[in-house]
Amino acid sequence: MPPSRGAQLRARIFGHTTVLIGATVILAVLAVALAAPWLAPHDPFAQDLSQRLIPPVWDARGSWTHIFGTDQLGRDYLSRLIYGARISLLVGTTAAAMSAVIGTTLGVLGGYFGGRADLLVTFIITTRLALPVILVALAVAALIGSSLNIVIAVLGLLLWDRFAVVTRSATMQVRSLDYIAAARAIGSSTARILLIEILPNIANVLLVVATLEMAQAILLEATLSFLGLGIPPPAPSWGLMVAEGKEYMFFSPWVITIPGAALFGLVLAINLLGDGLRDITAPESRA
Amino acid sequence: MSALLEVKHLDVRIPLAAGMLHPVRDLSFSLGHGDVLCIVGESGCGKSLTSLALMNLLPARARRSAQTLALDGIDLLRLDERAMSDLRGNAMAMIFQEPMTSLNPCYTVGTQLTEALRRHRRVDARAARDRAVHLLEKVGITAAAERLGQYPHQLSGGLRQRVLIAMALMCGPKLLIADEPTTALDVTIQAQILHLLASLRHELDMAMILITHDLGIVARVATHAAVMYAGEIVETGSAREVFTQPTHPYTQGLLRCIPVPGKVKRRARLGSIPGLVPSLIGDSKGCAFRNRCRHAFEDCAGAHIALAELSPGRAYRCLLPPGQCAANAAAAAL
Amino acid sequence: MLAYCAKRTIVALLVALTVSVISFALLHLSGDLAQALAGPSATAADVAQVREAYGLDRPIVVQYGDWIARAVRGDFGESFFLKVPVGELIADRLPVTLTLGICALVFALALSLPLGVAAAVKPNSWLDRLALGLSVLGQALPSFWFALILIIMFGLKLRWLPVSGSSTWQHFVLPAIALGYYATPAFMRLTRAGMLEVLASDYIRTARAKGLRTMSVLFKHALRNAIIPVVAVAAVQFGFMLGGSIVIESVFSLHGVGYLGWEAISRADFPVVQAIVLILACIYVLLTLLADMLNAVLDPRIRVR
C-alpha cells in the first residue's frame with residue numbers, strides 16, 4: 001500500500017528538518033569556536049580566586065560579568081565553554097577522519113576482494129570489537145602521558161569499527177552490480193575501480209557513519225577527560241570541566257550542568273544531521 | 001431457508017496519495033447454507049479485498065461501509081474488534097493464497113492448530129490435540145500425530161495449505177472463505193486441494209466462498225458464481241446459469257478464452273479480451289467494461305449501470321437485453 | 001553442525017588471544033613500565049632494580065609467552081600493588097560488574113521493547129515520534145553526565161536512592177539506568193523495525209484470521225519473531241556494557257572490575273590491567289557465541305544445518 005500523501009510529505013520534511021537543525025547548530029558552534037578570541041568575554045585560563053563559584057546570570061546572585069558564572073578557580077565559564085568548543089570540534093573531526101580512512105580501507109578491501117582477504121578483515125574487526133576500548137585508551141594515555149594529540153590518535157585508531165562494517169557490506173552490495181563487471185571488462189585496474197566506481201557509490205553511507213562517529217569521538221574524549229586521562233588541565237575540555245566541577249556539584253550544580261548540556265547539544269545536533277542524512281539518502285536502512 | 005450470509009451494498013474505499021481508491025463498489029450478494037459461491041475475476045478487480053472486508057481484516061486505512069452485512073443473523077457491521085475476533089476462526093474462517101508464508105515459522109504445526117481451537121472453546125490440551133490430529137487426517141495428511149511436532153519449514157507447500165485448511169476447520173465454521181487457495185501450488189496439488197475442499201463441503205455442510213481467477217475451478221466446485229470486474233459484480237447466478245447462459249459481455253469474453261479440446265480448430269487464435277482494466281481510483285460514469293466490449297454503444301458511457309435482476313439470485317449489469325449475446329456464449333467449461 | 005561450532009570456537013579463541021597480545025604489546029611498548037612502577041622520584045638505579053625484580057628486562061616475547069602460558073591455567077600472576085593474586089582480585093569484583101551489567105541490560109530491554117512494539121503498532125503516530133525522539137536524545141547523552149544528573153536528582157534532591165557503594169539492591173538502580181540507557185535507542189529501533197516487518201507478514205494475517213486476540217497476536221506471534229535479531233544484539237551489547245562499566249563504577253563508587261581496572265591503570269599495576277583486558281575479551285567472544293546459539297534456539301529454521 002503506497003503511503004498516503006500526508007505520510008510522504010511528513011517523511012520528506014522530517015528528513016530535511018533534522019538535517020537543517022543539525023547543520024545549523026553545528027555551523028553555529030563552529031562559528032563560535034573559530035571566533036573564540038573575539039567572542040569570549042574573558043581569558044579562559046585566567047584564575048581569580050576572589051571570584052570563585054559565582055552562579056550564572058539567571059540565578060539571584062549572578063551577574064552579567066560572568067554570564068555562565070565561574071568555576072572553582074574563578075575562571076569564566078562562558079569563555080571556557082567557547083574555547084572548549086574548539087577542542088570538541090577538533091577532536092571530533094580529526095578522530096572521525098582518521099578512523100574513516102582506516103575503517104573504509106579495511107572495509108572496502110575486505111568487501112571487494114572477498115575470500116581470505118575478507119576473512120582477515122572480519123577477524124580484525126572482531127578483534128577490535130572484543131577490545132574494551134575505554135580501558136585500553138585509558139591505559140595507553142596513562143603510560144604515554146595524555147595530550148590533545150595522543151587523545152586524537154588513540155580515538156582515531158580505535159573508532160574505525162563501524163566504518164569498516166558498514167563500508168564492507170556496502171562494497172559487497174556494489175561489487176556485484178553490472179557496472180563493476182563492465183569496468184573490469186574494459187581493463188580498469190583494481191585501484192581505479194575502487195577509487196572511481198566503488199567509493200562514490202558508498203559515499204552516502206560513509207557520510208552518515210562519519211557524522212555518527214564524530215559524535216562518538218566527542219563523547220569519548222569527554223569521557224576520557226572526565227576520568228582524568230584525556231586532555232590534561234588546564235585545557236577547557238568540556239569533559240574535564242565536568243570532572244573538575246564534580247566536587248562542587250551539590251551546591252553549585254551549574255558547574256556540571258552547563259558543560260554537560262553543551263556536550264549534549266553538540267552531539268545531538270551531529271546525530272540529528274546524521275539521522276536526517278540517512279533518512280534522505282536511504283530511508284530503508286533506518287533501524 | 002434464510003441465507004447464511006447477506007451482503008448488501010458493500011463498499012471499500014482507501015485514501016491514497018493519488019486519490020481515493022475504490023476497489024469494492026456496491027457489492028450485493030447472498031449465500032445460502034451449504035452453497036459454494038465462486039467470486040471470479042482477474043487480478044486487481046477487488047475480489048480479495050471483498051473477502052477481507054467480510055472478515056474485517058482490511059488494512060488500517062481502508063474504510064468499509066455497507067447497508068447490510070450479516071452472518072447467520074448476526075449484524076457484522078455492529079461488532080467491535082473484540083466481538084469480531086470471537087467470530088473469526090470460529091463461525092467464519094479464511095484461508096489465503098500463500099501457504100509458504102502463512103504459518104508462523106517459530107511455532108510447531110501442533111501449537112498453531114490447537115491455539116485456533118482453544119481460543120474459542122474450553123477444551124484441554126489433549127482434546128485439542130486429538131481434534132488437530134483428526135482434522136489433519138481429514139485433509140489427507142499422513143502420519144498426522146508426528147506432523148504436530150513439526151515446524152512449517154519442514155513441510156512442502158501443498159502440505160502447508162492442507163494444514164491451513166485444517167486450521168480453518170478446527171472450530172467447525174459455518175462459512176469458509178478461500179482466497180485463491182490453489183494459485184501458488186502445482187497443478188496436480190491444485191486438483192487434490194480442490195477435491196478436498198469439495199468433499200469437505202459435503203461432509204461438514206459448510207458454505208464456502210471461493211475466490212479465484214480460474215474458471216476451471218469454478219466449473220468444478222461452484223454451486224453459484226459471481227463475476228467481478230473493476231470492483232463491481234457484473235453477473236451472478238448459479239454456476240450452471242452463468243456458464244451456460246452468460247449474459248454479461250465480460251463473462252462471455254472470459255468463457256471464450258478457454259480453449260476446449262476437440263472444439264477448437266487448429267491454428268485458430270486463442271480468445272482474449274483486448275484492453276486493460278480501468279483504474280480503480282475515483283468513480284467513473286457508465287459501464288466500466290465499455291472500452292473493451294465489442295457490443296458497446298453510446299448509452300454505455302452515460303449514467304452508471306445498476307445490477308438488473310433476472311430472477312432471484314440471477315442478475316447482471318449491462319444495458320443489453322439478456323438474450324442478445326447468448327448466441328455467442330461458449331458453453332465450454334461444463 | 002558440530003564442525004561449524006568447532007570453527008566458531010577456534011576463531012573466538014584466536015580473537016581473545018590476539019586481544020591479549022595487543023594489550024600486552026600496548027602496555028609494554030607505550031612506556032617504560034619499570035619507570036612507571038618505580039615512580040617519578042626514582043633514580044636510575046631504582047628503576048633498574050625494579051626492572052629486574054619484575055622480570056621486565058627479558059625480551060618482550062618471552063614475557064608474553066610466560067604470561068599467557070600461566071594465564072590459560074588461571075594464574076594471572078600477582079598484583080604489583082596489592083601483592084595478592086590477580087585472579088582473586090578479579091573474582092572478588094566480577095560479581096558486582098556482572099550484576100550491574102545484567103541490571104542495565106534488563107532496564108534497557110524493559111524500556112525499549114514495549115516502546116518498540118507500541119511504535120510499530122501505530123507508525124507515525126505521536127507515540128512513534130516520541131519513541132524515536134527519545135532514542136535520538138538518548139544517544140546524545142554523555143553517560144558520565146547523565147550519571148551525575150541522576151545522582152543530583154534522585155540521590156540528593158529527592159533522596160530516593162543511594163549513590164555510592166553496592167550493599168543493597170537499591171544501590172544498583174541508578175547505576176543500571178546510567179549504564180543501560182545508552183543501549184535503549186538501538187534496541188528500540190531494532191524492535192520497531194522488526195515488528196513493522198513482521199506485522200506485515202502473512203502469518204500475522206493468519207493469526208488474526210483465526211480470531212486470536214490482539215495481545216496474543218502482538219506478543220505471542222509477532223514479537224516472538226521480531227525479537228530474534230534483538231536478542232543477538234543484546235548479547236553483544238552486554239559485552240560492551242561490561243567494557244564500559246568503568247565510567248559508571250567510578251562515578252557511583254561501585255567496586256567492580258571496571259573500577260579495579262581504573263585503579264590499576266592509575267597505579268601502573270599492569271598484571272591486573274592485562275588480566276582484565278583478557279577476561280573482558282573472553283567474555284565478549286563468549287557472548288557472541290551465545291548470541292549465535294540463541295539465534296538457533298529462537299529460530300527453528302536455522303537449526304537444520
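This passage describes the contact between chains A and C and the surroundings of one strand of chain B in a predicted model. Local features are reported at pLDDT of at least 70, side-chain atom pairs count only at pLDDT 80 or more, and totals for chains, interfaces and linings use all residues. Residues are numbered from 1 along each chain as its sequence is written, while chains are lettered from A and ligands numbered from 1 in the order in which they are written.

Chain A brings 38 residues to its contact with chain C, which in turn brings 41 residues, two residues being in contact if their C-beta atoms, placed from the backbone, lie within 7 Å. On the side of chain A that touches chain C, at least two residues come from each of α1 (5-34), α4 (115-130), α5 (133-144), α9 (190-226) and α11 (254-281), helices being DSSP runs of H or I of at least four residues and strands runs of E of at least two, numbered from the N terminus. The most is given by α5(A), with 10 residues. By residue type, this side of chain A comprises 30 nonpolar, five polar and three charged residues, where Ala, Val, Leu, Ile, Met, Phe, Trp, Tyr, Cys and Pro count as nonpolar, Asp, Glu, Lys and Arg as charged, and the others, Gly among them, as polar.

In chain B, strand β3 (residues 36-40) is largely enclosed by the rest of the structure, because five of its five residues are buried. A residue is buried if 20 or more other C-beta atoms, placed from the backbone, lie within 10 Å of its own. B:Val36, B:Cys38 and B:Val40 point one way from β3(B), whereas B:Leu37 and B:Ile39 point the other way. Strand β3(B) runs parallel to β9(B) (residues 207-212), to which five bridges join it, and B:Leu37 stands opposite B:Ile209 in β9(B); strands pair if DSSP finds at least two bridges between them. Four bridges join β3(B) to β10(B) (residues 224-229), also in parallel, with B:Ile39 opposite B:Ala226.

Key: A residue is buried if 20 or more other C-beta atoms lie within 10 Å of its own, exposed if 12 or fewer, and partly exposed in between; C-beta atoms are placed from the backbone.
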